[in-house]
Amino acid sequence: MAEGFALDTGWDAYSAGIKPEIEVNSFAVSVMAEVGIDISYHVPEPVSTYLDENFDIVATVCDNAQKACPVFTGRCKQKIHRGFIDPADAAGSDSEIIKVYRQVRDEIRDWMTKLSEV
């Protein structure tokens, strides 16, 4: 979801995980579509793909990823972290799960809006 907001803002953004799924979670696709951002074409990638790349900002958005992420060896001007709960861990009915995805989506949007203002 963060990559979707970043791309929508016009940033050159890449997203990767320590345990990437086969495809983007359908709940994430749905809640992002609700705010007019299509992430259905995104492809989950392993973080190892980007460890030697150079970036302006390297951001981690999950506490588990920050702790378990391999060492980033590329150059970057700034490393930032903002931990969000992982909505993929949500349990319950579809309506309960989608509520969690919406909450995290909105938190990511608010955080990225603040980053854009800096």
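Helix 1 and glutamate 3 in a predicted model

Analyst: In this predicted model, helix 1 has Ala2, Glu3, Gly4, Phe5 and Ala6 as buried residues.

User: Against what do the buried residues of helix 1 pack?

Analyst: They pack against helix 2 (26–34) and helix 4.

User: Why are helix 1 and helix 4 called oblique to each other?

Analyst: Their axes cross at roughly 40 degrees. Angles under 35 degrees count as roughly parallel, and those from 65 to 115 as roughly perpendicular. The value falls in neither range, and helix 1 and helix 4 are therefore oblique. The axes come within 10 Å, and the crossing is right-handed.

User: Which residues make the contact between helix 1 and helix 4?

Analyst: Helix 1 contributes Ala2, Phe5, Ala6 and Thr9, while helix 4 contributes Arg105, Ile108, Arg109, Met112 and Ser116.

User: How do you know that glutamate 3 has no salt bridge?

Analyst: A salt bridge requires a side-chain nitrogen of Lys or Arg within 4 Å of a carboxyl oxygen of Asp or Glu. For glutamate 3, the nearest side chain of opposite charge is arginine 105, 16 Å away. Glutamate 3 is therefore buried without a salt bridge, given that 4 Å cut-off.

User: What does glutamate 3 touch, not counting residues up to four places away in sequence?

Analyst: Glutamate 3, placed in helix 1 (residues 2–9), touches Ala13, Tyr14, Ser15 and His42.

User: Which residue follows helix 1, and what is the sign of its phi?

Analyst: Glycine 10 follows helix 1, and its phi is positive, near 100 degrees.

Terms used
Residues numbered from 1 in each chain as written. Predicted model: local features only at pLDDT ≥ 70, side-chain atom pairs only at ≥ 80, totals over all residues. Heavy atoms only, no water. Helix = DSSP H or I, 4+ residues; strand = E, 2+ residues; numbered from the N terminus. Buried < 20%, exposed > 50% of the residue type's maximum accessible area, 1.4 Å probe, protein only. Lys, Arg positive; Asp, Glu negative; His and termini not counted. Contact = heavy atoms within 4.5 Å. Axes fitted to C-alpha atoms, helices over the stretch in contact; angles between N-to-C directions. Parallel < 35°, antiparallel > 145°, perpendicular 65-115°, else oblique. Left-handed = near helix turned anticlockwise from the far one by under 90°.
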